[in-house]
Amino acid sequence: MTRWLALLARELRLALRYPADSLAAVLFFVLVAALFPFGIGPAPEALARLAPGALLAAALLAALLPLDRMFGADAEDGTLDQLLLSGLGPSAVAAAKAVAHWLTTGLPLLLAAPVASAMLNLPVEAWPAAMAALGMAAGFLSLLGTAGAALTLGARRGGVLLPLLVLPLAIPAVIFGAAGIEAAAAGLSPAPYLLLLGALLAAALPLAPLAAGAALRVE
């Protein structure tokens, strides 16, 4: 556990030292949300109707941006080989990478969610549900993205393959998350949809690092 925490701390230090990836993801998320009023018009009702799906889609696309460098930079300078020889299993290395991705990308997106929600005219009473849905959906994508990044490591045009591999698997998270936000905006309980989203996250939590670890062993 000490080695795993040390690896997680290393990933967080690197992210703080080079914050461009996190900043780019947040700016992409906010800018996509800002484009919707220009694309469909400033009608509050139309914006509020599209807000749940737009928030989830923009956040997941933004979270994809740093994924292609998750293992690539370490593989290029030999750090990945040293990590795999450090006594940590490949699955544990992948799990640390996934948690670090959520903390450095998913969490900033979560903090920016109220700004994007205001731009899309989402009712204020639905903001807590939106933040819960975004947080769990981002965690789900971090896990899926870790497995995808490991599978495409070393592949030609891996940056193109990665979204094609991950995004179809993330569709259920978008569906359940958007449904939960819509329910909260309509004055209903979002709990059933958030529980389904939590079930997806719980299923991916053990399976995605195992898949990523198996891919890293092959590499």
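**Exercise 1. The polar partner of His101**

Task: Find which side chain makes a polar contact with the side chain of His101, and place His101 in the fold.

Solution:
- Step 1. The side chain of His101 makes a polar contact with the side chain of Ser142, at 2.7 Å. A polar contact is a pair of N or O atoms within 3.5 Å; within protein, one must be able to donate a hydrogen and the other to accept it, and residues adjacent in sequence count only if both atoms are side-chain atoms.
- Step 2. This is a predicted model: local features need pLDDT of at least 70, side-chain atom pairs count only at pLDDT 80 or more, and totals for chains, interfaces and linings use all residues. Residues are numbered from 1 along each chain as its sequence is written, and side-chain values use heavy atoms, with hydrogens and water left out.
- Step 3. His101 sits in helix H6, residues 90-119. Helices (H or I, at least four residues) and strands (E, at least two) are DSSP runs, numbered from the N terminus.
- Step 4. His101 counts as buried because its relative accessibility is 6%. Buried means under 20% relative accessible area, exposed over 50%, partly exposed in between (1.4 Å probe, protein chains only).
- Step 5. Leave aside neighbours within four places in sequence. His101 is then in contact with Ala63, Pro66, Leu67, Met70, Gly106 and Ser142. Contact means heavy atoms within 4.5 Å.

**Exercise 2. Salt bridges around Glu11**

Task: Count the salt bridges and trace the network that they form.

Solution:
- Step 1. The count comes to 2 salt bridges. The rule asks for a side-chain nitrogen of Lys or Arg within 4 Å of a carboxyl oxygen of Asp or Glu.
- Step 2. Glu11 and Arg10 meet through their side chains in a salt bridge, 2.6 Å from N to O. Arg10 is partly exposed, at a relative accessible area of 21%. Glu11 counts as buried at 13% relative accessibility.
- Step 3. Lys97 and Glu11 also meet in a salt bridge, 3.1 Å from N to O. Lys97 lies in helix H6 and Glu11 in helix H1 (residues 2-17), so the pair ties together parts that are 86 residues apart in sequence.
- Step 4. Both Lys97 and Glu11 are buried.
- Step 5. Salt bridges with shared partners join Arg10, Glu11 and Lys97 into one network.

**Exercise 3. Two neighbours in H6**

Task: Decide whether Ala116 and Ser117 are buried or exposed, and list what each touches.

Solution:
- Step 1. Ala116 lies in helix H6. Its relative accessible area is 0%, so Ala116 is buried.
- Step 2. Not counting residues up to four places away in sequence, Ala116 touches Phe29, Ala33 and Leu55.
- Step 3. Ser117 lies in helix H6. Ser117 counts as buried at 1% relative accessibility.
- Step 4. With neighbours within four places in sequence left aside, Ser117 is in contact with Leu55, Leu122, Trp127 and Ala130.
- Step 5. For a distance check, take Ala116 and Ala170. They are 54 residues apart along the chain, and their C-alpha atoms are separated by 21 Å.

**Exercise 4. The loop after H6**

Task: Say what is notable about the phi of Asn121, then locate Val124.

Solution:
- Step 1. Asn121 has a positive phi of about 60°, although it is not a glycine.
- Step 2. Most residues other than glycine have a negative phi.
- Step 3. Asn121 lies in the loop between H6 and helix H7 (127-151). Asn121 is partly exposed, with a relative accessible area of 33%.
- Step 4. Val124 is found in the loop between H6 and H7. Val124 is exposed, at 55% relative accessible area.
- Step 5. Val124 and Glu182 are 58 residues apart in sequence and 12 Å apart in space, C-alpha to C-alpha.

**Exercise 5. A nonpolar patch on the surface**

Task: Name the residues that make the nonpolar surface patch, and place Leu23.

Solution:
- Step 1. Leu23, Leu27 and Leu31 make a nonpolar surface patch of about 310 Å². Patches are made of residues with over 30% relative accessible area and no salt bridge: like charges are joined within 9 Å, nonpolar side chains (Val, Leu, Ile, Met, Phe, Trp, Tyr) within 5 Å. Accessible areas come from the Shrake-Rupley method with a 1.4 Å probe; for residues, only the protein chains shown count as cover.
- Step 2. Leu23 is found in helix H2, residues 20-40. Leu23 counts as exposed at 52% relative accessibility.
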